Amino acid sequence: MSYDISLYRTETKVREENAHDADFFEKEENLVPFTGQQFQELKERLLSYNYKITGEDDHGLHFSHSDGDFGTALLTGNALYFTASWNENSIFEVGMVASEFTDSGEYAKYDFQRGEWEVWE
């Protein structure tokens, strides 16, 4: 079992809140794509947090961390998906990293288990 947290552009948050669609995240066209610069900055930021690239495929760039509490990450063209282990330490660490990534005001964190958005304020 895993705990999933995602990072999207703030425009995706606005779209989701206005859509009132339970399947919003299932439709890729609903997700506002990252710019090339945003994608590169997110990649570099993951690397600065000691995530390592473990592969690349049609889904995006896959990352892992030597400390299992930091889970794994998948960077796609329109979202950064974090997956934590189902334990308190991992959920906390992954949640904090995702929260810190909202500091520029460009991104919003979505916690799928809680169904809640978080933005930097």
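This is a walk through a predicted model, from one central strand to its cores, its aromatic rings and its salt bridges.

Start with strand β1, residues 2-9. Most of β1 is covered, with 6 of its 8 residues buried. β1 has strand partners in β5 and β6. With β5, residues 80-85, β1 runs antiparallel, and 6 bridges join the two. Within that pairing, S6 has Y81 of β5 as its bridge partner. With β6, residues 107-111, the pairing is again antiparallel. Here 5 bridges are found. Y8 is matched with A108 of β6. In general, side chains in a regular strand alternate between the two faces of the sheet.

Now turn to the nonpolar cores. The largest holds 20 residues. L42, L46, L80, F82 and F101 have the most contacts inside it. Several elements each give two or more residues to this core: β1, α2, β3 (60-65), β4 (72-75), β5 and α3 (88-100). L42 shows how such parts meet. Leaving aside residues up to four places away in sequence, L42 touches L7, F34, L75, L80, F101 and Y107. A second core is separate and has 8 residues, among them Y8, F24, F25 and A79.

Y8, F24 and F25 also lead into the aromatic network. They belong to one aromatic cluster with Y81, Y110, F112 and W117. Across the whole structure, 14 aromatic pairs are found. One of them joins F24 and F25, with ring centres 5.2 Å apart and planes at 90°, an edge-to-face arrangement. F24 has a relative accessibility of 2%, so F24 counts as buried. F25 is buried too, at 17%. Y110 and F112 make another pair. Their centres lie 4.8 Å apart and their planes meet at 80°, so this pair is also edge-to-face. Burial differs between these two rings: Y110 is buried at 9%, whereas F112 is partly exposed at 33%.

The next stop is the loop between α1 (10-19) and α2 (36-48), where V32 is found. Is V32 buried or exposed? Its relative accessibility is 11%, so V32 counts as buried. Its contacts, not counting residues up to four places away in sequence, are R9, E11, T12, R15 and N78. M1 is 31 residues from V32 in sequence, and their C-alpha atoms are 28 Å apart.

Two of the residues that V32 touches, R9 and E11, also form a salt bridge with each other, at 2.8 Å from N to O. R9 is buried, with a relative accessible area of 14%. E11 is partly exposed, at 35%. The structure has 6 salt bridges by count. Another links D21 and K27, at 2.7 Å from N to O. Both ends of that bridge are partly exposed: D21 at 26% and K27 at 33%.

Finish with R45. Its salt bridge partner is D103, and the closest N and O atoms are 2.9 Å apart. Which parts does this pair tie together? R45 belongs to helix α2 and D103 to the loop between α3 and β6, so the bridge ties parts that are 58 residues apart in sequence. R45 is partly exposed, with a relative accessible area of 22%. D103 is likewise partly exposed, at 35%. R45 has a ring contact as well. R45 lies over the face of F101, 4.7 Å from the ring centre. F101 is among the residues with the most contacts inside the largest core.

Notes. Residues numbered from 1 in each chain as written. Predicted model: local features only at pLDDT ≥ 70, side-chain atom pairs only at ≥ 80, totals over all residues. Heavy atoms only, no water. Phe/Tyr/Trp six-rings, centres within 6.5 Å; stacked < 30°, edge-to-face > 60°. Buried < 20%, exposed > 50% of the residue type's maximum accessible area, 1.4 Å probe, protein only. Lys NZ or Arg CZ within 6 Å of the ring centre and 35° of its normal. Helix = DSSP H or I, 4+ residues; strand = E, 2+ residues; numbered from the N terminus. Pairing = 2+ DSSP bridges. Contact = heavy atoms within 4.5 Å. Core = buried A, V, L, I, M, F, W, Y, C linked by side-chain atoms within 4.5 Å. Salt bridge = Lys/Arg side-chain N within 4 Å of Asp/Glu carboxyl O.
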